[in-house]
Structures are given as C-alpha cells and as structure tokens.
Amino acid sequence: MRDCFMGESSPGMIDWTTMPTYNTIMSLAAGAGLVALVMFARDLMRHRAEDPISTDGWALTFGALGTILTVTGLHMSLTWPLAAGGFAFDNIIFGETSLGFGVLMSALAILLWRRGERITDAPVPMREVARTARPLSVFIAGLGLALLGIMVAGIVHQLFAAPPQEPVSGVFAPWPLVEAAFMSLLFGLIGVGAVLAPFAIRSFTQIRPGASSASSASSASSASTITVPTVARVVGVLWLVTGIVFVLFGALNFYTHIGLVVNTM
C-alpha cells in the first residue's frame, strides 16, 4: 500500500529542467470546460425573463478556461516540451487538442461578452447560439475524429501508461493496457460527442418558440424552455460524464505528478 501512494524512487531518472510538464492544469481545465458547456446549454434552455441566464458569468467561465487551454496548448504544440523525456506523442495528444478546445471556448466567451444581451433577448436563446455556432460544425467534428484517432493510437501503441515511479497510477505499470484503455476510452467518448455535436447544433437551429412541454405551457409567455433533441441529450451525457472524470483525474494528477518528480529528480 505504501508503494502505491509513494511510487518507486529512482533519483536522477528524469531531467525535469528539459521537460516542463503541465498537462495537469490542462486536464483540469478541459474537464471543467466540458462540464461548463453542458451546464451552459442547460441554462440556455431554462432561460426565463424573470430568471435570465448570466451571460457575463459564462463569458468569464469560458474566457478563463479557454485562456488556460489556448496558452498551454499553443506552447506545447509549438515547442514540444515532452519530447525530451521520450513522450513526443503527448505533445500532439494533449497540446493540439487543448489548443483547439481552448480557442473554441475563447470564441464562445467573446460571443457572450459582445452579444450576451442579444442572445437573452432572442425568442429562443439556444437557437440564437446554435445558429451562430453552426459554421464551426466542421471543425468541431474534425476535432472529434482526431480524438477517435487518438483513442485508436492509444490502444494500439499502449500509450498513457504511467511508470512505476508515479504514485497510484504507477501500480498499473506492469499492465500498460489498463491505463491505455482507460485514457483512450475517455478521448474516444469525447470524440463521439464532438462528432455528434454538429447534428445537435443543427437540431437546435430548427426549434421554434412555443416548442415547450405541456408542463411549461402556463409560463409560455415568459419562458423559453424547450424539448431537448435526443442527439443533444447523448452529447450532453457524454461530455458531462467524461468532463467530471477529467476533472477528478486532473486533480489526482497534481498528487501523482508531484510524486513522480520527487521520485525521479
């Protein structure tokens, strides 16, 4: 049990001065971003004149998370800091995907900051946002396909396996396929959600005012609650579950990566 939480000690194994590693905060921000997207969509669908959505709050949220992922993703994509330690592939897996997601969230933050009032004043705020986001569908689907490619590569090449010097995760070092399958599945599920996202966006562009459930009929004059399309529900579940897992895994990595540095510096 002690080895599980401490990891093996191998002083001098890694020269950390040549391999800055910050996929901990990237994982945390990416997971929080996925959860935030689902929560934002829910708020849009529940928007009412007497209880309006806070577009400023969501602009701050997506702006903060988008900035973290854009800056770290851009640096990792251009400088390949993990190549020095033999993990060149991680620069593609974490760097480029974080960059893409970060730019998308930053763009959403700017939209909410500049057009927040227009969105909340629209008959159906969700439709307004969906119509604006629809031109990005090709890029979003492309990122989804890229994530599916990462899933396949992770399993085929057994990537993501932690060394025995890393606490907790290092316990599975003798069985590299375990962590490879876990991380690959996470990337794959997010990818499926991204591939389906354009269909969800399209379904939201076609909704009409008054397309609410019978239970909300009495407040139809002031509410824009809508029936959520099935494909949007699927995307929401995929991103909510994987987002929560990424937040928890990223938080755990702050402990395990610190342990790895201590054991190998």
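User: Why is T24 called buried?

Analyst: The relative accessible area of T24 is 10%. Buried means under 20% relative accessible area, exposed over 50%, and partly exposed in between, with a 1.4 Å probe and protein chains only. Therefore T24 counts as buried. This is a predicted model, in which local features need pLDDT of at least 70, side-chain atom pairs count only at pLDDT 80 or more, and totals for chains, interfaces and linings use all residues. Residues are numbered from 1 along each chain as its sequence is written, and side-chain values use heavy atoms, with hydrogens and water left out.

User: Which residues is T24 in contact with, leaving aside neighbours within four places in sequence?

Analyst: T24 is in contact with G250, N253, F254 and H257. Contact means heavy atoms within 4.5 Å. T24 itself lies in helix α2.

User: What makes V237 buried or exposed?

Analyst: V237 has a relative accessible area of 52%. The cut-off for exposed is over 50%, so V237 is exposed. V237 is found in helix α8. Its C-alpha atom is separated by 26 Å from that of S169, and the two residues are 68 apart along the chain.

User: How many helices and strands does the chain have?

Analyst: There are eight helices and zero strands. Helices (H or I, at least four residues) and strands (E, at least two) are DSSP runs, numbered from the N terminus. From that end, the elements run α-α-α-α-α-α-α-α.

User: What makes a set of residues a nonpolar core, and how many residues has the largest one here?

Analyst: A nonpolar core is a set of buried Ala, Val, Leu, Ile, Met, Phe, Trp, Tyr and Cys residues joined through side-chain atoms within 4.5 Å. The largest in this chain has 59 residues. Those with the most contacts inside this core are F40, F62, L112, F160, F187, F204 and W239. Seven elements are named as each supplying at least two of its residues, among them α2 (23–45), α7 (176–205) and α8 (230–264). Helix α4 gives the most, with ten residues. In soluble globular proteins, nonpolar side chains tend to be buried together.

User: Which residues does F187 touch, not counting those up to four places away in sequence?

Analyst: F187 touches I93, F94, L147, I150, F160 and F246.

User: What share of the chain counts as buried?

Analyst: Of the 265 residues, 46% count as buried. Among contacts between residues at least 6 apart in sequence, 80% join residues at least 24 apart.
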